[in-house]
Amino acid sequence: MTTFSDPPRESFRLSMLINDTRYRSYTFQFIALLLVIALFAYLGSNLMQNLRDAGLNISYEFLGEPSGYDINQTLIEYDSRSSHWRASVAGILNTLLVAFLGCLTATILGVIVGVLRLSKNWLVRKLMAGYVEAFRNVPVLIWIIIIFTVMTAVLPAPSAFRGDDPARTMLLDAFAFTNRGVYIPKPVWLEGSGIVVGVFIASVIGMFVYRRYATKLLYDTGKLLPMGWPSLVILIVPTLLIFFILGRPIALDYPALKGFNFQGGIQIRGSLIALWLALAVYTGAFIAENVRAGILAVSKGQTEAAASLGLRPGRIMNLVILPQALRVIIPPVISQYLNLTKNSSLAIAVGYMDITGTLGGITLNQTGRAIETVLLLMLFYLAISLTISGVMNLYNNSVKLKER
Amino acid sequence: MSDIHQHSVAYVRDSMLPEAPPPATETGIIKWMRENLFSGVSNSILTLAALAAVYYLLAGFLPWLLNGIWDAPSLRACRDILQGDVGGCFAVLTERWNQLLFGFKYPSEEYWRPTMAFVLLFAAAAPVMFPNHVPRGLFIFTGLYPFLAYWLIWGGPILSPVFGLVGFVVGYLVWNRLVAQSFAAGFFGAIAAAMVTWWIGGMIVEAMASESTLLAAVPSRDMGGFMLNMILGTVCVSLSIPFGIALALGRQSDMPIIKWICVLFIEFIRGVPLITLLFVANVVLAYFLPPGTAFDLILRVIIMITMFASAYIAEVIRGGLAALPKGQYEAADSLGLDYPQAMRLIILPQALKISIPGIVNVAVGLFKDTTLVSVISMFDLVGMIRGPILASTEWNGVYWELLGFAALLFFVVCYGISQYSQWLERQLQTEHR
């Protein structure tokens, strides 16, 4: 038998950079880095050359200049003398508004449809499958345009509400659906409304305290307190009492037809509603599939085991199935929220002034600063995506199965 | 037993009853309805509500569809024919059929070319989609198809697609010769050989440019309609798969610099909406190209959409790579295979098989997203509908027929692809059931 000893130490040769696996990876990385740097240098020099030829430069000063255009629906004070920067902020808020509304509606819709797709009822099951397939397989842009067309071409003009015997009447005397948008009542905060809101927040907290107390009592002593109706009472009764004691400090400003248009109330533009509903029903179809997959992922043995412990069907769902299904459901649903937020950039197709419509649309066209605006636009969406995926990673780590 | 109890029990049956059919409520359609539609009070209410919903949908939709007018020169003529009845004006589809499919600039006497390219697409895709049901010889046609389709749709001198093909063939020959020595030599040698061929070919094509061509050249800006969606969808998906594989391998690599380049690229692309990338293609990309280069908008869009799709496909394939048991990697190492061999022979075939459903999902999503090019004023199907057709005096106001047609077209394609992917998943399932 031969005895093994350390291989003879070789001195470093240049050919080892290619032939020796220990050094080869350094060669590859060096080449890759060099190529990337060369690519960027090439693009950068082209950019410099092109900018010099066109007599342009990279500058963000345009953000401080007056924008000179109006935004028909903003959450902050804005007029055409405001700066481009303020227009961008108004756009950002509009993006966040439609993303928030869309995510909320899509979740409600998706959960309902996802559960109904597993219903025992054949007809309901097939209907929901039809909904999911119809909305998943058609581009969201087409849905946005279809709903926008409903909002602008099918709904009546405000003049249809006029006269003693109008063609259309307002719903509950409070909501008007017109081709200029939907008018809804606007809350007016009078003196003392702060107290009502404060009491309401306090009763929400009180409800959670009560529920926690009831759970603790159940675990400690086995005594079961009712959960449902006391929570509701704690939530509603104090607020209502204080509301009427203080003499109704929160009033509603109803929209009313004056002249050619509705005055008062809040006007929600058709573009916002089209974008909101289209994104909600489109993303809702995807969320429904995630919910269904999540519930199916919990093995049937879990249901049967819970049933054999003597739990009622409602409790089986709440205590056994849902906690396990949520772990599967939530990560894809969060990435659907991300998709919805990115898809909200399609606002530009219906003229809703989100960040793509203000910064990437009119500001870009007016100032001609294509590179700067598109870069800012990308950074904004990137920031949102990274935030959401950061939240998702935190969640994933917290619900991960603890394995040894 | 009966004889034991015959004194203690009043009556014991000692003959079989004749077989009787099950009660009417327990057979056939009645049983099915009782179990599936009316199994309880809440279920019955749900059923009735669903029936009402279906009724209202059909009551609104069917008269519109069945009463539709298929032959009229304008919306006004349509309404004259209908005389106040409910009915769709589908005449717009028949009248503008070619515009919807090919855009409004593609020369009408050449419509047969994209149609033929579309039909041949099925022949080219068949060996890839149904490898066990189609003769393998068709694979040659799949290889030829991209060049044939390019020539059919764009026309122009036949030499350019021929040289494109020759470049690939030369590259493949060089690869075959050199790969036995080392993967890197084969890979880079093949690329160099192909480049040289294309360079020479380009010079030859330029020299013979004056020669009359068999098929008239059609410039890219004349592409439009559903054809544009199909072109963007198929080209970008097929280009993005190799890029996606490369990015996924790069992201899994243990070389930190390469890994981080890939991570940055993928996360950046996945973090921004496709629209911003299309803005880049439309207004920004020109700044980054050498002064004086005139780049087709359609080519710029293809570049950006391909980048977009490859980032998503890379993530799908990375999932496939991660799902492979570690033993596969170790087994490949212990056989003494080097990295390219292990990847080509052991890892990728399995990882790609796992990723197929995901890749198909990305492909469907991408195909739907090709409608976004209408935002940067390209006249794809949606762009045609919103632009030239709805703006024309004859058809101003025919929303539902046109949008419904677009939705139906996309639905048919996307639903078909997803059904195919489910079928494929079942075919590829090798686990025991």
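Biologist: Where does B:Tyr339 lie?
Modeller: B:Tyr339 is in helix α16 of chain B; helices here are DSSP runs of H or I with at least four residues, strands are runs of E with at least two, and both are numbered from the N terminus. This is a predicted model, where local features need pLDDT of at least 70 and side-chain atom pairs count only at pLDDT 80 or more, while totals for chains, interfaces and linings use all residues. Residues are numbered from 1 along each chain as its sequence is written, and chains are lettered from A and ligands numbered from 1 in the order in which they are written.

Biologist: Is B:Tyr339 buried, exposed or partly exposed, and why?
Modeller: B:Tyr339 counts as partly exposed because it has 16 C-beta neighbours inside 10 Å. Buried takes 20 or more other C-beta atoms within 10 Å, exposed takes 12 or fewer, and partly exposed is in between, with C-beta atoms placed from the backbone.

Biologist: How far is B:Tyr339 from B:Phe183?
Modeller: Their C-alpha atoms are separated by 9.3 Å, although B:Tyr339 and B:Phe183 are 156 residues apart along the chain.

Biologist: What follows α16 in chain B, and which residue lies in the loop there?
Modeller: The loop between α16 (339–369) and α17 of chain B holds B:Ser377. B:Ser377 is not a glycine, yet its phi is positive, about 50 degrees. Most residues other than glycine have a negative phi. B:Ser377 is exposed, because 10 other C-beta atoms lie within 10 Å.

Biologist: Switching to the whole of chain B. How many helices and strands?
Modeller: Chain B has 18 helices and 0 strands. Of its 433 residues, 31% count as buried. The C-alpha trace spans about 115 × 80 × 40 Å along its principal axes. Its radius of gyration is 30 Å, where a compact globule of 433 residues would be near 22 Å. The radius is taken over C-alpha atoms, and the globule rule is 2.2 Å times the number of residues to the power 0.38.

Biologist: And how many helices and strands in chain A?
Modeller: Chain A has 12 helices and 7 strands. With a radius of gyration of 30 Å, well over the 22 Å that the rule gives for 404 residues, chain A is more spread out than a compact globule. Its C-alpha atoms fill a box of roughly 100 × 75 × 45 Å along the principal axes. Of the 404 residues of chain A, 30% count as buried.

Biologist: How many residues does each chain put into the contact?
Modeller: Chain B gives 42 residues and chain A gives 45; two residues are in contact if their C-beta atoms, placed from the backbone, lie within 7 Å. On the side of chain B that touches chain A, the elements that give two or more residues are α3 (41–66), α12, α13 (274–284), α17 (381–391) and α18 (399–428). The largest share, 8 residues, comes from α18(B).

Biologist: What is that side of chain B by class?
Modeller: The side of chain B that touches chain A has 33 nonpolar, 7 polar and 2 charged residues. Ala, Val, Leu, Ile, Met, Phe, Trp, Tyr, Cys and Pro count as nonpolar, Asp, Glu, Lys and Arg as charged, and the others, Gly among them, as polar.

Biologist: Back to α12(B). At what angle do the axes of α11 and α12 of chain B cross?
Modeller: The axes of α11 (225–252) and α12 (256–271) of chain B cross at roughly 125 degrees and come within 7 Å. Axes are lines fitted to C-alpha atoms, for helices over the stretch in contact, with angles from 0 to 180 degrees between N-to-C directions. α11(B) and α12(B) are therefore oblique to each other; under 35 degrees is roughly parallel, over 145 roughly antiparallel, 65 to 115 roughly perpendicular, and the rest oblique.

Biologist: Which residues meet there?
Modeller: From α11(B), B:Leu247, B:Gly250 and B:Arg251 meet residues of α12(B) including B:Ile258, B:Lys259 and B:Phe265. The contact of α11(B) with α12(B) divides into 7 nonpolar, 1 polar and 2 charged residues.

Biologist: At what angle do α5 and α8 of chain A cross?
Modeller: The axes of α5 (140–154) and α8 (270–297) of chain A cross at roughly 140 degrees and come within 8 Å. α5(A) and α8(A) are therefore oblique to each other. Among the contact residues are A:Trp143 and A:Phe148 of α5(A), and A:Leu275 and A:Tyr282 of α8(A). By class, the contact of α5(A) with α8(A) has 14 nonpolar, 3 polar and no charged residues.

Biologist: Last one. Where is A:Arg81?
Modeller: A:Arg81 is in the loop between α2 (21–54) and α3 (84–116) of chain A. A:Arg81 counts as exposed because it has 9 C-beta neighbours inside 10 Å.
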